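Trainee: I have a model open and would like to understand the terms used to describe it. Could we go through them together?

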Amino acid sequence: MIEIYAISDDVLMPENLALQYTKEILECGVKFFQFRSKKIPKDEKLAGEIFNLCEKFGARFIVNDDILFAAHIGAKSVHLGKDDASIKEAFEILGDDAYVGVSCYDSLELAIKAKQNGASYVAFGAMFKSPTKPNAPLCKAQTISQAKEMGMNVCVIGGINASNIASVARVKPDIVALISAIYKDGTIKKNIENLQRNLLL
């Protein structure tokens, strides 16, 4: 079963609606939630409350980029990009049982290295032109197929929405990460149900 991975956004998920939106996401059975905030400093109280909600629903709470912030609020899961800290640092700071995702863009080489270093999943994308990261290079379906053949736990991201998620499902990723498609029109449950339905087409 392909899992949906919801990612927060400072604009699409305003602070005053963040807990309500998160609860709606989790009520739809989403088991992966990433706290992604570019604010300085990050809202520690809000992150902690979202973390608690995820714990209550049995979902994995993942902090984007910031290992020390994750450690500070007691989270054991992080997602790292190419300019962030290393996987080794994540395990050193968060413990041997940390859950570490790594952005690999369109590079099988990066994914192989990440897996060798203990990454919990490798993320490829953008799959399509993304409204969140419009300049992100696109990832080939072949890269994902090769990673799957090598036994990797694969996440795909970038420009995925209800109209193209069925085609993404055909390359058999383990996790599909979404931002804009979840928050569109503020109708969270409707959006996720539509995405989940189209995943099965």
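Trainee: What makes the link between the side chains of D65 and K38 a polar contact?

Mentor: Good place to start, and do keep in mind that this is a predicted model. The side chain of D65 comes to 3.0 Å from the side chain of K38. A polar contact needs N or O atoms within 3.5 Å, with one able to donate a hydrogen and the other to accept it, so this pair qualifies.

Trainee: Why is D65 called partly exposed?

Mentor: Its relative accessibility is 26%. Buried would mean under 20% and exposed over 50%, so D65 falls in between. D65 sits in the loop between β3 and α3 (67–73). Leaving out residues up to four places away in sequence, D65 touches K38, H79, L80, G81 and D84.

Trainee: And what class of exposure does D84 get?

Mentor: D84 is partly exposed as well, because its relative accessibility is 25%. D84 belongs to the loop between β4 and α4 (87–94). With neighbours within four places in sequence set aside, D84 is in contact with D65 and H79. There is also a polar atom of the D84 side chain 2.6 Å from the backbone nitrogen of G81.

Trainee: Which residues does UniProt list for "binding site"?

Mentor: The unreviewed UniProt entry lists D65 and D84 under that feature.

Trainee: How do you know that they gather at one spot?

Mentor: They span 20 residues in sequence, yet no two of their C-alpha atoms are more than 6.0 Å apart, so they do come together in space. Both D65 and D84 are also part of the lining of the largest pocket.

Trainee: What kind of sheet carries these loops, and in which order do its strands run?

Mentor: The sheet is a closed barrel of eight strands, in the order β1-β2-β3-β4-β5-β6-β7-β8, with parallel pairing. On average, neighbouring strands are turned by 25° against each other, direction ignored. Helix α5 (residues 108–116) packs on this sheet, touching β5 (99–105) and β6 (121–124), and its direction makes about 165° with that of β5.

Trainee: What makes β3 and β4 a pair?

Mentor: Two bridges join β3 (residues 60–64) to β4 (residues 77–80). Pairing takes at least two, so the requirement is met. Within that parallel pair, N64 stands opposite H79 in β4.

Trainee: How many bridges hold β3 on the β2 side?

Mentor: Four bridges join β2 (residues 32–35) to β3, again in parallel. Here F33 stands opposite F61 in β3.

Trainee: Why is β3 described as mostly covered?

Mentor: Four of its five residues are buried, and buried means under 20% relative accessible area, so the description follows from the count.

Trainee: One more residue: is S130 buried or exposed?

Mentor: S130 is buried, because its relative accessible area of 9% is under 20%. S130 is found in the loop between β6 and α6 (141–149). The S130 side chain reaches the backbone nitrogen of K133 at 3.1 Å. Not counting residues up to four places away in sequence, S130 touches G158 and G159.

Trainee: Lastly, where does UniProt place the domain?

Mentor: The unreviewed entry puts "domain: Thiamine phosphate synthase/TenI" at residues 4–182. Over that stretch the chain is 36% helix and 20% strand, and the end C-alpha atoms are 10 Å apart.

How values were computed: Residues numbered from 1 in each chain as written. Predicted model: local features only at pLDDT ≥ 70, side-chain atom pairs only at ≥ 80, totals over all residues. Heavy atoms only, no water. UniProt positions renumbered as here; feature names shortened; annotations may be inferred. Axes fitted to C-alpha atoms, helices over the stretch in contact; angles between N-to-C directions. Contact = heavy atoms within 4.5 Å. 1 Å grid on protein atoms, 1.4 Å probe; cavity = no way out; pocket = protein on both sides within 12 Å on 5 of 7 lines; lining within 4 Å. Buried < 20%, exposed > 50% of the residue type's maximum accessible area, 1.4 Å probe, protein only.
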